[in-house]
Amino acid sequence: MEKVNAFLDKHILPWPVRYLTHRFIILITILLLVPLIGFASNTVFVLTANSYLNTMGVAVSSIVLLYATISELRDKQIAEMQEKRAQEDHSHVVEMHQLVLDNMSDQHEEIQDLKRILAEIRGLKVEQKPVPQKLSVNLKDLHPAGKSRFEPHDVQRRMAGHVRHNLGDNLAQEVLRRAG
């Protein structure tokens with residue numbers, strides 16, 4: 001069945017899309033409504049034109065639905081990739097924040113050492129201030145959504161409430177899977 005689907009997707013199905021989306025075909029289809037009114041007494045012509053218009057309507061609707069479903073799936077994939085990137089960026093910012101805190105602590109120690117050396121050179125006694133404990137602020141705790149915001153399945157949980165799923169999702173997923 002996969003070979004049949006692959007053959008259809010590659011050699012057969014692109015032609016109706018090219019045909020139905022061509023500007024002249026669209027104009028001819030619209031203009032076909034005029035003879036329908038003019039030749040209303042010719043039953044064979046009316047039935048033939050009506051069948052053609054019905055078929056075109058169904059085909060165009062199917063194509064639009066298929067592409068809309070594929071677009072929605074791609075948008076979801078893009079949103080998930082952006083979310084993953086945002087979480088990676090957040091991890092990087094947390095690491096940089098910790099480096100800044102460590103650097104500040106090291107600078108405080110160096111300043112205290114310089115004060116002690118200057119006091120010894122002058123022959124003064126200096127009161128050594130204790131080095132403050134290294135601050136470790138968990139930036140995840142600062143986020144308004146709390147720690148749950150950074151759980152692996154948070155994106156799917158949040159998107160489930162906002163993304164409407166179509167009956168055609170399975171079809172679109174199959175089309176995307178085949179397209180590679």
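Colleague: What makes up the chain, in helices and strands?
Modeller: The chain has eight helices and zero strands. Helices (H or I, at least four residues) and strands (E, at least two) are DSSP runs, numbered from the N terminus. This is a predicted model: local features need pLDDT of at least 70, side-chain atom pairs count only at pLDDT 80 or more, and totals for chains, interfaces and linings use all residues. Residues are numbered from 1 along each chain as its sequence is written, and side-chain values use heavy atoms, with hydrogens and water left out.

Colleague: How do you know that α5 is close to its expected span?
Modeller: Expected span is 1.5 Å times one less than the number of residues. Helix α5 (residues 43-122) has 80 residues, giving 118 Å expected. From first C-alpha to last, α5 reaches 116 Å.

Colleague: What follows α5?
Modeller: Gly-123, with a positive phi of about 80°.

Colleague: Why is Leu-13 called partly exposed?
Modeller: Buried means under 20% relative accessible area, exposed over 50%, partly exposed in between (1.4 Å probe, protein chains only). Leu-13 has 44% relative accessibility, so Leu-13 counts as partly exposed. Leu-13 sits in the loop between α1 (2-12) and α2 (14-20).

Colleague: How much of the chain is buried?
Modeller: Buried residues make up 18% of the 180 residues.

Colleague: What share of contacts joins residues 24 or more positions apart?
Modeller: Contact means heavy atoms within 4.5 Å. Among contacts with a separation of 6 or more, residues 24 or more positions apart account for 64%.
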